[in-house]
2 protein chains.
Amino acid sequence: MSKTFTAVNPATGQAVGEPIAENNFEEVSAAIAAANKVKKEFAATTPTQRAALLNAIADSIESQKEKLADISNQESALPIARVTGEVMRTVIQIRAFADLVKTGGHLLPIIDLADPNFLPIARPDLRKSQQPLGVVSIFAASNFPLAFSVAGGDSASALAAGCPVVVKAHPSHPNTCEMVYQAVTKAITQQGLPKEIFTLVQGVNPEITHWLAKAPEVTAIGFTGSEMVGRLLVKLAQERETPIPVYAEMGSLNPVFFTPAVLNQRPEELAKAAIDSALLGSGQFCTKPGIIVVSDDSAGDKFIANVQTYLADQKVGPLLNKGIVTRFVDAITSISKAKSIRVLTGVANPDGFGVTPSIFVVDWKDAKNHAELLEEHFGPTSVIIRARYDQYLEIAETMGGQLASSVHAAASDDVKELVAALTQKAGRLIWNGFPTSVSVTAAQNHGGQWPASSSHTTSVGLDAIFRFVRPVVYQNFPDDQLPAELQNDNPYKIERVVNGVRQIKAIN
Amino acid sequence: MSKTFTAVNPATGQAVGEPIAENNFEEVSAAIAAANKVKKEFAATTPTQRAALLNAIADSIESQKEKLADISNQESALPIARVTGEVMRTVIQIRAFADLVKTGGHLLPIIDLADPNFLPIARPDLRKSQQPLGVVSIFAASNFPLAFSVAGGDSASALAAGCPVVVKAHPSHPNTCEMVYQAVTKAITQQGLPKEIFTLVQGVNPEITHWLAKAPEVTAIGFTGSEMVGRLLVKLAQERETPIPVYAEMGSLNPVFFTPAVLNQRPEELAKAAIDSALLGSGQFCTKPGIIVVSDDSAGDKFIANVQTYLADQKVGPLLNKGIVTRFVDAITSISKAKSIRVLTGVANPDGFGVTPSIFVVDWKDAKNHAELLEEHFGPTSVIIRARYDQYLEIAETMGGQLASSVHAAASDDVKELVAALTQKAGRLIWNGFPTSVSVTAAQNHGGQWPASSSHTTSVGLDAIFRFVRPVVYQNFPDDQLPAELQNDNPYKIERVVNGVRQIKAIN
């Protein structure tokens, strides 16, 4: 008999739904092998077919909007409005990939025609495009039960690339995962494609992660979660006989810098906005401002006083699961013991996995030797660092890689050096704003130097698709043996770069 | 007193030039630290300045063409015509990067303007471009004393990206390395840039490799060489506190498949061409056809008979260094012992590091269980595998990743399945041709699945530049705080994608 586990409502601590069967090694291996068997058929789908599939998946998920919002609200305790918005973000980002794929934007065809006069030697006919990698293992994130879970950004970009997906459900929202999986499978079958291109794996057994990383048929890993698990996946991937890329979006502090001048102008408004950003989603966003840097002067003190007043009335929803609560409480308790650190608190939430918002205030001289302060802590906490303005650059340079970082400056401020230093660390820089809220668009970049990300790629936005393809060039191939996107008459009618010129027209 | 080593002429075994001082840990670390200090200044150069630098480097190297050909001929024993051609390839590929950089082709600017009606939530102003990584460690290859050495493709693409370079000379051609380094440095100084953006490190101490991989300031590694050293670099890079990407171009067999029909048509011509490709550069190309697959029928036997006749008269130049000779002789001796393997030989070269061309003939049923046959062996050797035509697909699927693979087929042949299988393995597929000779152009791809390459990137051609940049997006930045390529008036006048439309015009 197979093992089972049951979802828990974070607001009440009570069970949600029926016990769920955990997949064993044989089942996980069979899912990967089955996905591998259909990879060529899936890779051969045209841009139109691929786009139709993505749109069908989006429609199928949208048709379950209320049910999905309801079950994910029960499993995550995130408000109905939030999870309803997340269903729509999920659907919209799948459709954005459909639009990209329809125009062949993922194929990047480059054609250099044969040139006997090319130097230093004659050039053959060379035609390059991007090919899907093969089976991809994806790990659902706890904090986005829809938009970065079963049919979230990683799965959408892998399917758009033409890669079969085996996705591991997050055990904090297994029923949401199952409902999304059913919606996706229904759409795949309706489109006449093999359902094996998409499989859900359930369980709390940590070995499942190893199986998904080690299977020889797996060609890449998409992951959003902790640095600890991200590092494990990178290690497992490198130890394989054939190493594979790991696209892990891991820990980030997303430091927010306030210049003295800007603090002087709007201390109350900025304090409220900073705390709103830090407590959004109960502080469980990967883009949470985990470090807030203010000047150690009266302007900074005014900001901190405003934080204290505002925070005192703030209460946040319960955390997503018991593990997050334990790690949050342990970290808060440990950090609070340091006598150089002040603790500001909000309103305790006594229900289920509820906790008390806790913001630390510390001088830079004390913070820089306290490693725990400069690590990511999931939940309603952040660290306000008091520093001389001329120390901001040192703070920026001390930080590891970041998903995002903000600079709040007045018109009179010269922050070019600070921005240049942050450019070396972060994947996204925000001016006079906060790092939470990530738009899904072509220009988006959600990734940053290690440990924010294990690669120089983005997991949000259209460029995420390029994680799951690789270039292949065809030399002197007869037209009818080439992939369609490289054939002379351009049957997909997509943009191609031919002898350096971007064009849609056929090659004569 | 520092240690020294001396170059050896492979044709004579005699010393070339004066003893060369080996760099110690302090010197290597100092070079990296100095490069790191000037990285911001170098990153801030405009496309015009960067292109001018690359063109000046090309001119400076070209002005030494005869001297460089002479010294590298002495150190490599490669013919004067070959090394002269290689000087020109080096110069031409640097100029190709200059042309790319001048048009901003490395910046890939994508701008999504703020949109209050964007779904699911309002979109801020998002502007993304590519930023240089920082200091890059590059390892010169033994077999391309110019085109993949000090100022070869890796260095050219890293400098084009705006990354300072610390390059390790290959101890087989240290004087060539020094001469190229002097030419590059002269150009850098003439352009008013700090010479610390480019440093040469010399030595035979294997620890140098570790120092260059472990230094905290190093942000990426470019390497062309053996799978053993490539794997070491990947391991060192992953063990760092901050892991970094390794772009290693390692071993490849580049299998060449001949259908029975094509063998029947031109057995003599194809046999000669295959052997010419296998013996080119004394079999020391990473694109050498290391596996040649023919049908186990009369057509295949005719091909093999022609190989035997042609090979009997072939003599090749000496190998590049003593290590390659030892590994070649050991491999040939070991493989020759198997009684299922036939050995065809050419003319012995008794001088210096000369060896005897040796081609193996083996049936697939014997080859597939003989691991040594399916590994890369540098030098004038290749393995002709006899197989039933219906076994070709199995052979293709058994192979690891490849830089390149060729299919020779007649008009009547259906090889779609074979090509599809090879697409999963190789970075370049050649129709009715041989894998040697790699054109440096936009459509080129020189890379393939592991172990041919440690990443899904190319080390030859313009796309090589993208290994040394990473995306950064700026959210709601004031125009004057943005990198120039993202400012409204498009000061570089380069192509940008604005709200999905490719354009050069300014944003109003």
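## A tour of the shared sheet and helix 4 of chain B

Start with the open sheet of twelve strands in this predicted model. Color its strands in the order 19(A)-18(A)-3(A)-4(A)-17(A)-16(B)-15(B)-10(B)-11(B)-14(B)-13(B)-12(B), and you will find mixed pairing. At the edges, select strand 19 (501-503) of chain A and strand 12 (342-345) of chain B, each of which pairs on one side only. As you step from one strand to the next, the twist averages 20°.

Now zoom in on chain A. Strand 4 (residues 126-132) and strand 17 (residues 469-475) run antiparallel, joined by seven bridges. For one of the partnerships, pick K128(A): its bridge partner in strand 17 is V473(A).

Next, bring up helix 16 (residues 416-423) of chain B, which packs on the sheet. This helix touches strand 4 and strand 17 of chain A, along with strand 10 (256-258), strand 15 (402-408) and strand 16 (426-431) of chain B. Compare directions, and helix 16 makes about 150° with strand 16 of chain B.

For the last stop, select helix 4 (residues 65-76) of chain B. Its twelve residues should span 16 Å at 1.5 Å a residue, and the end C-alpha atoms are 16 Å apart, which agrees. Which residues of this helix are buried? Highlight L68(B), A69(B), I71(B), S72(B), N73(B), Q74(B), E75(B) and S76(B). To see what the buried residues pack against, show strand 1 (4-8), strand 2 (15-21), helix 5 (80-102) and helix 7 (174-190) of chain B. Finally, click on A77(B), just after helix 4, where phi is positive at about 65°.

How values were computed
Residues are numbered from 1 along each chain as its sequence is written. Chains are lettered from A and ligands numbered from 1 in the order in which they are written. This is a predicted model: local features need pLDDT of at least 70, side-chain atom pairs count only at pLDDT 80 or more; totals for chains, interfaces and linings use all residues. Helices (H or I, at least four residues) and strands (E, at least two) are DSSP runs, numbered from the N terminus. The expected span of a helix is 1.5 Å times one less than its number of residues. A residue is buried if 20 or more other C-beta atoms lie within 10 Å of its own, exposed if 12 or fewer, and partly exposed in between; C-beta atoms are placed from the backbone. Two residues are in contact if their C-beta atoms, placed from the backbone, lie within 7 Å. Two strands pair if DSSP finds at least two bridges between them. Axes are lines fitted to C-alpha atoms, for helices over the stretch in contact, and angles run from 0 to 180 degrees between N-to-C directions.
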